[in-house]
Amino acid sequence: MDYAQFNAVKPKYEVRANEVWDQHHTDPAVYLDSHAFECPNPKCRCQLILVGLDSLSPKRVYFRTFPHSNHVEGCPAETMTQEEWHEYIGEGSSETGVLSHNESGKIIFKQQNRKNIIQPAHNGDEDEPLKVHVDSTSKSPSAQEYYARSVTSFSLHRMYLEIQRSIEDKVDWRKIPVKVEWPLLDKHDNVVSWAKDFSEASTLGDVVFDANSGHIPPLNQLFVFAGEATVSVEKTDYGVQYFMRFVNSPLIVHWTDGTLQGLTNIRMLRDAANSNDHRKIKLLLCGYFYQKEGKLIFCRRTHHLSDYISIVD
């Protein structure tokens, strides 16, 4: 299931798995307990766990039952999408009387504000991304707080999760309405206009480019490039670099290990590069391609790792 009832507050309210994951990773003190959920069917109410909550770049997040805690026999919510469940019960509201989803359906992707963030020193061998200190006290947002936060995301990986949820729900993800306020930033975090931005994009189909399609994207235009890629380690004039080649595509990106240090799932990148079985990774990149001397060159949207690259678990 991709939706459930959050039962750590009163009144309870309905949540989506993707939105809970996103809010938790924006503020780790929020939704700390992956067990605080139950089936929204009042005739069932079996306890649910949110799988993938603590993963930084999960392939999927979803609710499932605990062992020995199944849905009641014939529970319709178990097999229905959230939209189907609302249609079935004849309403679009939770116990709070507040709409249990974004009324416009539009997700606004905003740029994370990194001003005044002091990053801790970190071991050069670590695979985990840099983290700032957060209050470890668990927070349980009210329904109103949850709905207000669910409209906005700062996460590149949230886009991937929305696509996966749509595929599972048999909905065309290309038609999901979005507003993307992700500017192109230089190394000093100043906004620059070297490429066309996302200001005219109104759906995910305008934003996400299928990097395995075999097509060359419009040049000098920001996209989120998504697809499978092979990985190799090659010597260049700038040292040894990881080369990531999208399958069935001329699109190639490459960086040194030092540039990617702190990247979530960098171990998957290293393992794929050192494997003998042509192992592939699922890769998301945010930036644009331009042409130089007949070659396609990738330029990342910002120099912050989480802004321009995500490797899926």
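Let's start with the rings. The structure holds 20 aromatic pairs. This is a predicted model, so keep that in mind throughout.

Take one pair in detail. The rings of phenylalanine 37 and phenylalanine 63 have centres 5.0 Å apart. Their planes stand at 55°, so the pair counts as tilted. Where do phenylalanine 37 and phenylalanine 63 lie? Phenylalanine 37 is in strand β3, residues 37-38. Phenylalanine 63 is in strand β5, residues 62-65. The pair therefore ties together parts that are 26 residues apart in sequence. Phenylalanine 37 is buried, and phenylalanine 63 is buried as well.

Next pair: tyrosine 146 and tyrosine 147. Their geometry is edge-to-face, with 5.1 Å from centre to centre and 70° between the planes. Tyrosine 146 and tyrosine 147 are both buried.

Now put these pairs in context. Which residues do ring pairs link into a cluster? Phe6, Tyr13, Tyr31, Phe37, Phe63, Tyr146 and Tyr147. So both pairs I just described belong to that cluster.

Stay with Tyr31 for a moment. Tyrosine 31 is found in the loop between α1 and β3. Is tyrosine 31 buried or exposed? Buried: its relative accessible area is 2%, and the cut-off for buried is under 20%. The backbone is worth a look too. Phi of tyrosine 31 is near 55°, a positive value in a residue other than glycine.

Arginine 45 also has phi near 55°, again positive in a residue other than glycine. Arginine 45 lies in the loop between β3 and β4, with β4 covering 47-51. Arginine 45 is partly exposed, at a relative accessible area of 24%.

One more backbone point. The peptide bond from lysine 10 to proline 11 is cis, with omega near -5°. Proline 11 sits in the loop between β1 and β2.

Another arginine, this time with a ring. The charged end of arginine 60 sits over the ring of tyrosine 62, 4.1 Å from its centre.

On to the helices. Two packed helices are described by the angle between their axes and the distance between the axes. Helix α1 spans residues 17-26, and helix α4 spans residues 156-168. Their axes come within 10 Å and cross at roughly 170°. Why call α1 and α4 roughly antiparallel? The crossing angle is over 145°, so α1 and α4 are roughly antiparallel to each other. From α1, the contact uses Asn18, Glu19, Trp21 and Asp22. From α4, it uses His157, Arg158, Leu161, Glu162 and Arg165. By class, that contact of α1 with α4 has two nonpolar, two polar and five charged residues.

Helix α1 has a second partner, helix α3, residues 143-150. The axes of α1 and α3 also come within 10 Å, but here they cross at roughly 90°. That makes α1 and α3 roughly perpendicular to each other. The residues in contact are Glu19, Val20 and Gln23 of α1 with Tyr146, Arg149 and Ser150 of α3. Glu19 we met in the α4 contact, and Tyr146 in the ring cluster. By class, the α1 with α3 contact has two nonpolar, two polar and two charged residues.

Last stop, near the start of the chain. Aspartate 2 is in the segment before β1, which covers 3-6. Aspartate 2 is buried, with a relative accessible area of 11%. What is aspartate 2 in contact with, leaving aside its neighbours within four places in sequence? Val15, Arg16, Ala17, Phe63, Gln82, Arg165 and Asp169. Two of those names are familiar: Phe63 from the tilted pair, and Arg165 from the α4 side of the helix contact.

Definitions and conventions: Residues are numbered from 1 along each chain as its sequence is written. This is a predicted model: local features need pLDDT of at least 70, side-chain atom pairs count only at pLDDT 80 or more; totals for chains, interfaces and linings use all residues. Side-chain values use heavy atoms; hydrogens and water are left out. Axes are lines fitted to C-alpha atoms, for helices over the stretch in contact, and angles run from 0 to 180 degrees between N-to-C directions. Helices (H or I, at least four residues) and strands (E, at least two) are DSSP runs, numbered from the N terminus. Angles under 35 degrees count as roughly parallel, over 145 as roughly antiparallel, 65 to 115 as roughly perpendicular and the rest as oblique. Contact means heavy atoms within 4.5 Å. Ala, Val, Leu, Ile, Met, Phe, Trp, Tyr, Cys and Pro count as nonpolar, Asp, Glu, Lys and Arg as charged, and the others, Gly among them, as polar. Rings of Phe, Tyr and Trp (its six-membered ring) pair if their centres lie within 6.5 Å; planes under 30 degrees apart count as stacked, over 60 as edge-to-face and the rest as tilted. Buried means under 20% relative accessible area, exposed over 50%, partly exposed in between (1.4 Å probe, protein chains only). A charge sits over a ring if NZ of Lys or CZ of Arg is within 6 Å of the ring centre and within 35 degrees of the ring normal.
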